[in-house]
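Hi everyone, thanks for making time for this. I'd like to walk you through one structure today, so let me put it on the screen.

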Amino acid sequence: MSHTLQDQRPAPAHKSAVPVGLTRGGLPRWAPAGIAVASAVLGSVIGLVFDLSSKVQWGLIAALLFVVITYTASAVVENRRQAKDRIATSLVWVCFVLAVVPLLSLMWTTVSRGLKALNADFLSHSMNGVTSFEQGGGVYHALLGTLEQVALAALIAAPIGLLTAVYLVEYGKGKLARAVTFFVDVMTGIPSIVAGLFILTTWNLMLGFGPSGFAGAMALSILMMPVVVRSTEEMLKLVPNELREAALALGVPKWRVILKVVLPTAIGGISTGLMLAVARIAGETAPIMLLVFGSQLINGNPFEGAQSSLPLYIWEQYKVGSEASYDRAWAAALVLIAFVMILNLVARGIARWKAPKTGR
């Protein structure tokens with residue numbers, strides 16, 4: 001009887017039922033940081049041993065060692081599946097560092113060299129009466145020109161781009177809509193010099209107008225329009241159709257639905273796209289060289305006479321080649337970067353302010 005009961009008992013589960021490869025130990029949390037430090041040290045040692053003068057080569061060797069050591073350590077301590085996951089993560093981090101390091105280097109160089117000449121006098125004076133080889137002078141005339149030209153370009157491009165996007169999303173059908181979309185895509189990749197040549201041919205040569213900030217603003221608006229159209233179009237597509245249908249069910253005309261429901265819902269994203277488009281044209285130089293010509297004097301009238309701009313001012317000062325002009329060029333570059341950064345911060349603030357409020 002006892003033998004029969006023993007035979008009917010279930011056999012105990014074997015301890016090795018779970019695959020051994022999934023139950024091995026794991027690397028400690030500090031392992032990626034430790035491997036990164038070890039890779040940096042080894043990369044520096046290899047660069048010194050083989051007399052590699054470029055620090056970029058040291059960094060690339062360290063990045064390669066980081067990926068290889070991470071994969072080897074994970075394969076030995078953990079398993080191949082986890083090692084593949086870690087090598088993918090390592091490649092992501094290496095690509096991130098490779099993208100961030102040049103940006104930080106550029107920012108550090110611009111700030112360190114730009115602060116030498118950046119002060120209140122530099123921001124409040126022009127180059128009137130100051131030769132390019134002398135110390136002194138300022139960027140006020142170029143900053144004023146950039147502000148006026150970018151503002152005029154935004155006044156031209158923003159309404160046209162907004163209405164074009166509304167047409168494509170709310171009304172556009174058939175061949176005309178496809179043609180508009182195609183030409184918007186073409187305009188997105190148009191070189192800035194082509195826009196400048198177009199305005200030069202039509203506005204200056206055919207119509208006989210002289211150089212002015214307004215001519216440069218028209219060329220900048222051509223570059224700005226496709227960015228506004230694309231960003232606004234994507235924001236309008238994100239508006240739920242239920243909102244449109246609910247308003248239309250109440251008997252509201254479609255134009256009023258767009259004006260009172262669709263646009264207010266997407267205004268945060270539209271404002272962000274507009275600010276990014278402004279930041280995109282703020283650094284253009286080629287149209288300004290063709291149409292605005294540049295000036296060392298303060299010209300507050302963008303519709304008559306030559307003006308300057310920050311990108312053109314940077315090019316003019318760097319072309320001189322003196323120590324003083326180099327300092328002014330780097331200081332103007334720092335002002336331009338600050339201008340673009342402020343625009344991006346404003347865009348983020350508007351997007352957060354106008355974002356739909358969600359309850360918990």
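**From the surface to the core**

Let's begin with Val37, which sits in helix 2, spanning residues 31–49. Keep in mind that this is a predicted model. Is Val37 buried or exposed? Its relative accessibility is 54%, over the 50% cut-off, so Val37 counts as exposed. Together with Val41, Val45, Val49 and Phe50, Val37 makes a nonpolar surface patch of about 500 Å².

Now to the inside. The largest nonpolar core has 46 residues, and the ones touching the most other members are Val139, Ile199, Met224, Ile281 and Tyr313. Several elements give two or more residues to this core, among them helix 6 (140–171), helix 8 (192–206), helix 11 (254–281) and helix 14 (323–354). Which helix gives the most? That is helix 9, with 11 residues.

Take Ile281 as an example. Setting aside neighbours within four places in sequence, Ile281 contacts Val150, Ala153, Leu220, Leu223 and Met224. There is also a second, separate core of 11 residues, including Ala165, Leu236, Val239 and Ile258.

My last stop is a polar residue, Asn204, in helix 8. With 11% relative accessibility, under the 20% cut-off, Asn204 counts as buried. What does its side chain find there? A polar atom of the Asn204 side chain lies 3.3 Å from the backbone oxygen of Gly210. Leaving out residues up to four places away in sequence, Asn204 also touches Ile199, Phe209, Pro211, Ala215 and Leu291, as well as Gly210 itself.

That's my tour, and I'm happy to go back to any of these spots.

Technical notes. Residues numbered from 1 in each chain as written. Predicted model: local features only at pLDDT ≥ 70, side-chain atom pairs only at ≥ 80, totals over all residues. Heavy atoms only, no water. Core = buried A, V, L, I, M, F, W, Y, C linked by side-chain atoms within 4.5 Å. Buried < 20%, exposed > 50% of the residue type's maximum accessible area, 1.4 Å probe, protein only. Helix = DSSP H or I, 4+ residues; strand = E, 2+ residues; numbered from the N terminus. Contact = heavy atoms within 4.5 Å. Polar contact = N/O pair within 3.5 Å; in protein donor to acceptor, adjacent residues only side chain to side chain. Patch = residues over 30% accessible without salt bridge, like charges linked within 9 Å, V, L, I, M, F, W, Y side chains within 5 Å. Areas by Shrake-Rupley, 256 points an atom, 1.4 Å probe, with all protein chains shown as cover. Salt bridge = Lys/Arg side-chain N within 4 Å of Asp/Glu carboxyl O.
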